[in-house]
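Subject: Structure for you to look at

Hi,

Here's the structure I said I'd pass along. Have it open while you read, and tell me if anything looks odd to you.

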Amino acid sequence: MKVLWEKEIPADEITVSPRPVWKCRSCPMYGKRPSCPPHVPDWRETREWVAAFKKALIVKFEIDMEHFERDKREALLYLLKKEEELFREGKMYATALFPGNCNLCDDCPFERGEPCRMPTKVRSSIDAVGIEIGRLVKIDFSESVLYGMVLVE
């Protein structure tokens, strides 16, 4: 995993709608991970939540598709570290949003109906809460990349 760039944007540029949540329904992980619907705030709640922020940070990660799960996990850990750094700088409500479903554990107990092993680390997926990442970045499907976000303040 490699961080290609980080970009700060005004939070009022973030579009929240039901469209990404509906797309989640076609994912095989739908409902199986704590970062996915229906286990996350709905898009209406997210719209109100995002409106309370002034800034957000978008992070573009390059990943090796042959090591997708490993690289994605590194991206999630990077976002959590960034959230913690911002918190330590006094941005109390900084919150990371994951690129897709959580894969912090190799074997997710949540999928088997057991409690999440890392409830203090799991964060919602960008799409799961209705954020239209494609309105903020140019999606190029020929690239092996993921986008993460941290709502800052």
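Below is a run through what I found, grouped by region.

First, a caveat: this is a predicted model, and everything that follows was computed from it.

**The largest pocket**

Start with the pocket, which comes out at about 930 Å³. It has 36 lining residues, and the ones closest to its centre are Gly 100, Asp 127, Ile 133, Ile 139 and Phe 141. Three elements give two or more residues to that lining: α1 (19–24), α3 (68–88) and β4. The biggest contribution is from α1, with 4 residues. If you sort the lining of this pocket by class, you get 21 nonpolar, 7 polar and 8 charged residues.

**Ser 124 and Ser 125**

Two of the names from the pocket centre come back here. Ser 125 sits in the loop between β3 (95–97) and β4 (145–151). Its relative accessible area is only 4%, so it counts as buried. Leaving out residues up to four places away in sequence, Ser 125 touches Ser 35, Phe 98 and Gly 100, and Gly 100 is one of the residues closest to the centre of the largest pocket. The side chain of Ser 125 also reaches the backbone nitrogen of Asp 127, at 3.3 Å. Asp 127 is another of those residues closest to the pocket centre.

Next door, Ser 124 is in the loop between β3 and β4 too. With a relative accessibility of 15%, Ser 124 is classed as buried, because the cut-off is under 20%. Its contacts, again skipping neighbours within four places in sequence, are Ser 35, Val 40, Pro 41, Leu 97, Phe 98 and Val 129. Ser 35 and Phe 98 are therefore on the contact lists of both Ser 124 and Ser 125.

**Salt bridges**

There are 16 salt bridges in the structure. The one I'd look at is between the side chains of Arg 33 and Glu 111, with N to O at 2.5 Å. Arg 33 is in the loop between α1 and α2 (43–51), while Glu 111 is in the loop between β3 and β4, so this pair ties together parts that are 78 residues apart in sequence. Which of the two partners is buried and which is partly exposed? Arg 33 is the buried one, with a relative accessible area of 10%, and Glu 111 is partly exposed, at 37%.

Two others are worth a click. Arg 70 pairs with Asp 71, and their closest N and O atoms are 2.8 Å apart. Here Arg 70 is partly exposed at 40% relative accessibility, whereas Asp 71 is buried at 1%. In the other, Arg 135 bridges to Glu 132, with the closest N and O atoms 2.7 Å apart. Arg 135 is exposed, with a relative accessible area of 53%, but Glu 132 is buried at 7%. There is also a network: Glu 6, Lys 82 and Glu 85 are joined by salt bridges that share partners.

**The cavity**

Searching the whole structure for cavities of 30 Å³ or more turns up 1. The largest cavity has a volume of about 80 Å³. Arg 33 shows up again in its lining, together with Pro 34, Cys 102, Asn 103, Leu 104, Cys 105, Cys 108, Pro 109, Cys 116, Arg 117 and Met 118. By class, the lining of this cavity splits into 8 nonpolar, 1 polar and 2 charged residues.

**Some prolines**

Most peptide bonds are trans. The one from Pro 37 to Pro 38 is cis, with omega near 5°. Pro 38 lies in the loop between α1 and α2, and Arg 33 is in that loop as well.

Finally, Pro 10 belongs to strand β1 (residues 2–10). It is partly exposed, at 37% relative accessibility. The C-alpha atoms of Pro 10 and Lys 54 are 5.8 Å apart, although these residues are separated by 44 positions along the chain.

That's the tour. Send over any questions once you've had a look.

Cheers

Terms used. Residues numbered from 1 in each chain as written. Predicted model: local features only at pLDDT ≥ 70, side-chain atom pairs only at ≥ 80, totals over all residues. Heavy atoms only, no water. Buried < 20%, exposed > 50% of the residue type's maximum accessible area, 1.4 Å probe, protein only. Polar contact = N/O pair within 3.5 Å; in protein donor to acceptor, adjacent residues only side chain to side chain. Contact = heavy atoms within 4.5 Å. 1 Å grid on protein atoms, 1.4 Å probe; cavity = no way out; pocket = protein on both sides within 12 Å on 5 of 7 lines; lining within 4 Å. Points joined across faces, edges and corners; volume = space filled by probe spheres on them. Nonpolar A, V, L, I, M, F, W, Y, C, P; charged D, E, K, R; others polar. Salt bridge = Lys/Arg side-chain N within 4 Å of Asp/Glu carboxyl O.
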